[in-house]
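Visitor: I'm new to this one and would like a close look at a single part, a loop and whatever it connects. Could you take me through it slowly?

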Amino acid sequence: MRDYELVVIISPAVADEEIPATIEKINQFIVEREGSITEVNQWGRRKLAYQIKDFMEGNYVLTQFRMDPKLTTELEASLGISEEILRHLLVRLSD
């Protein structure tokens, strides 16, 4: 198990009341694969530096978690095909 930090930008097309459900889907993905969530911080809606998929703002969420390094590719693939996620960044924290 390794420590990771994941930042996702959720599309502004997702209603504010649906954002917790989107975050929960990501957390479930991690927990179902025997990972553990350390912390989740919602940064709220912020302006993007440049346009992504015709949007100029998005809802930022930072998640810190522990997971088997072999499963990170699967997590990133899942985030990449999600219609709700505009962008994501997964960073391995120091050993």
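Visitor: To begin, in which loop does Asp54 lie?

Guide: Asp54 lies in the loop between E2 and E3. Before we zoom in, a word on what you're looking at. This is a predicted model, where local features need pLDDT of at least 70 and side-chain atom pairs count only at pLDDT 80 or more, while totals for chains, interfaces and linings use all residues. Residues are numbered from 1 along each chain as its sequence is written, and side-chain values use heavy atoms, with hydrogens and water left out. As for the labels, helices (H or I, at least four residues) and strands (E, at least two) are DSSP runs counted from the N terminus.

Now back to your loop. E2 and E3 make a hairpin, with 2 residues between them. Lys53, in the turn, has a positive phi of about 50 degrees. Asp54 also has a positive phi, about 70 degrees, even though it isn't a glycine. Asp54 is exposed, too, with a relative accessible area of 68%. (Exposed means over 50% relative accessible area, buried under 20%, and partly exposed in between, using a 1.4 Å probe and protein chains only.)

Follow the chain out of the turn on either side and you're on the two strands of the hairpin. Strand E2 covers 36-52, and strand E3 takes in residues 55-67. They pair in the antiparallel sense over 11 bridges; two strands count as paired if DSSP finds at least two bridges between them. You can pick out some of these bridges yourself: Arg46 has Gly58 of E3 as its partner, and Glu39 has Gln64, also in E3.

Stay on E2 for a moment and find Leu48, which lies in that strand. With a relative accessibility of 5%, Leu48 counts as buried. Who keeps Leu48 company? Setting aside neighbours within four places in sequence, Leu48 is in contact (heavy atoms within 4.5 Å) with Ile9, Phe55, Met56, Glu57, Gly58, Tyr60 and Leu86. Val91, on the other hand, sits 43 residues away along the chain from Leu48, and their C-alpha atoms are 20 Å apart.

Pull back a little and the hairpin turns out to be part of something wider. There are 4 strands in an open sheet, ordered E2-E3-E1-E4, with antiparallel pairing. E2 and strand E4 (85-92) each have a single partner strand and stand at the edges, so one side of each has no neighbour in the sheet. From one strand to the next, the twist averages 20 degrees.

Helices come into the picture as well. Helix H1 (residues 19-32) lies across strand E1 (2-10), E2, E3 and E4, and runs at about 130 degrees to E2. Helix H2 (residues 72-81) lies across E1, E3 and E4, running at about 165 degrees to E4. Those angles, from 0 to 180 degrees, are between N-to-C directions of lines fitted to C-alpha atoms, for helices over the stretch in contact.

One last stop, at the other end of E2. The loop between H1 and E2 is where you'll find Glu34. Glu34 has a phi near 65 degrees, a positive value in a residue other than glycine. At 66% relative accessibility, Glu34 counts as exposed.
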